[in-house]
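The report below goes through a structure of two chains, beginning with the contact that joins them and then turning to each chain.

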Amino acid sequence: MHNDNDCELTADEQVMFSSLRRELQPGDLLEERVVRALRREGHLGARKRSARRRGQLVRIAAAIALFAGGVATGRYVITPDAPQAAAAALPAGMAGDTNQSSETPIPVSGELIVAETELWL
Amino acid sequence: MAISGQVQIPELSRIGEALPAGGSDAALIAAAVSGAEAAFRELFRRHTPHLLQFVTRVLGASSADAEDVVQDTWLRAYPALVTFRNESSFSTWLCSVGLRAALDSIRRGRRHTAGELFDDDASSDPPPTEDRMDLESAIARLAPGYRMVLVLHDVEGFTHEEIGVQLGIAPGTSKAQLFKARRVMRALLTGREKNDA
């Protein structure tokens, strides 16, 4: 094992170390080399911006698709009930083109008949 | 030079687009992360001179070789900028990335493994010389394992614990390497190296 005290820097050595140059100016081309390399990898400049824009477009497209899906689902859910609702609005005996049997009387209220008649007029 | 607070990308990216020559490191980092080239260039100009000097000393190499390592350092550092926190100054953080790049360069060039760099064998001694030399030249003549520990400790001011973490060695190994590195360095400085070796 060595003695740590023997290894300590002398005052002169400390001065030498502290006077060492702290900075070294790079060549003129290094900055361009690095920036070009980062651009190639899509980190800086136009590619980075276009990547951001692509992300925004994807988000907008996803929102539109979600909205359209909601509309389609809504229509699908509402449509199966539509014939029954229409038949319910018609007077007895006029609902022959629906899947309801004409022999079974459809219970309709007087208000519904009045409302439907007003619509026809 | 320590920066404060976490990186706030959206707010600071606007500052970056305004080319903040006098902006803080944190502002420049956040703007550079969001792709602002002007901010990155400012960050590069601010920190590359010290990084290049550090890498040149660690490699003991020509500035052309060191510039390749500096380029590699920035290519490694840029994607990691988002992970940078204010636990240390940006300059210190960048030098730690540069040290890893330099280590990889040495391993590629000389086919060293991580452990071999810090082995205590005769082949790690510098070539014999009777000429006195200045400190910079003496550092460059040291074996890579000695040189790294000496530069990190005596020039950059890292502790043995920090050096251990950076180089993947025990703090005791760092101390032993520093002791030997200083011994060889003194021999080189006084021209007694031939007799000592």
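In this predicted model, the contact between the chains draws on 25 residues from chain A and 26 residues from chain B. On the side of chain A that touches chain B, at least two residues each are supplied by α2 (11-18), α3 (28-40) and α4 (45-78) of chain A, and the largest share, seven residues, comes from α3(A). By residue type, this side of chain A divides into 13 nonpolar, five polar and seven charged residues.

The two chains can be set side by side in a table of their secondary structure and burial.

| Chain | Helices and strands | Length | Buried share |
|---|---|---|---|
| Chain A | six helices, zero strands | 121 residues | 6% |
| Chain B | ten helices, zero strands | 197 residues | 44% |

Read from the N terminus, the elements of chain A follow the order α-α-α-α-α-α, and those of chain B, read along the sequence, the pattern α-α-α-α-α-α-α-α-α-α. The confidence of the prediction in chain A deserves a separate remark: the mean pLDDT of this chain is 74, and 53% of its residues score at least 70. Among the elements of chain A, helix α1 (residues 4-7) has the lowest mean pLDDT, 56, whereas α3(A) has the highest, 94; α3(A) is also the element that gives the largest share of the side of chain A that touches chain B.

In chain B, when contacts with a sequence separation of 6 or more are considered, 55% of them are between residues 24 or more positions apart. The largest nonpolar core has 58 residues, and those that touch the most other members are B:Ala32, B:Val55, B:Ala102 and B:Leu150. Helix α3 (residues 37-59) of chain B gives the most to this core, with ten residues. In soluble globular proteins, nonpolar side chains tend to be buried together. B:Ala102 offers a local view of the packing, since, leaving aside its neighbours within four places in sequence, B:Ala102 is in contact with B:Val55, B:Val58, B:Leu59 and B:Val69.

How do two of the helices of chain B, α7(B) and α9(B), cross, and at what angle? The axes of helix α7 (residues 144-155) and helix α9 (residues 171-190) of chain B come within 8 Å and cross at roughly 100 degrees, which makes α7(B) roughly perpendicular to α9(B). From α7(B), the residues that meet the other helix are B:Gly145, B:Tyr146, B:Arg147, B:Val149, B:Leu150 and B:His153, and their counterparts in α9(B) are B:Ser174, B:Gln177, B:Leu178, B:Lys180, B:Ala181, B:Arg182, B:Val184 and B:Met185. The residues of this contact of α7(B) with α9(B) divide into seven nonpolar, four polar and three charged. One of the α7(B) residues in this contact, B:Leu150, is also among the core residues that touch the most other members.

A final residue to consider is B:Arg76, which is found in helix α4 (residues 63-80) of chain B. Is B:Arg76 buried or partly exposed? B:Arg76 counts as partly exposed, because 15 other C-beta atoms lie within 10 Å, and 20 or more would be needed for a residue to be buried. Leaving aside its neighbours within four places in sequence, B:Arg76 is in contact with B:Val97 and B:Ala101. B:Arg76 and B:Leu94, which are 18 residues apart in sequence, are 9.7 Å apart in space, taken from C-alpha to C-alpha.

Methods: Residues are numbered from 1 along each chain as its sequence is written. Chains are lettered from A and ligands numbered from 1 in the order in which they are written. This is a predicted model: local features need pLDDT of at least 70, side-chain atom pairs count only at pLDDT 80 or more; totals for chains, interfaces and linings use all residues. Two residues are in contact if their C-beta atoms, placed from the backbone, lie within 7 Å. Helices (H or I, at least four residues) and strands (E, at least two) are DSSP runs, numbered from the N terminus. Ala, Val, Leu, Ile, Met, Phe, Trp, Tyr, Cys and Pro count as nonpolar, Asp, Glu, Lys and Arg as charged, and the others, Gly among them, as polar. A residue is buried if 20 or more other C-beta atoms lie within 10 Å of its own, exposed if 12 or fewer, and partly exposed in between; C-beta atoms are placed from the backbone. pLDDT is the predictor's confidence in each residue, from 0 to 100. A nonpolar core is a set of buried Ala, Val, Leu, Ile, Met, Phe, Trp, Tyr and Cys residues joined through C-beta atoms within 7 Å. Axes are lines fitted to C-alpha atoms, for helices over the stretch in contact, and angles run from 0 to 180 degrees between N-to-C directions. Angles under 35 degrees count as roughly parallel, over 145 as roughly antiparallel, 65 to 115 as roughly perpendicular and the rest as oblique.
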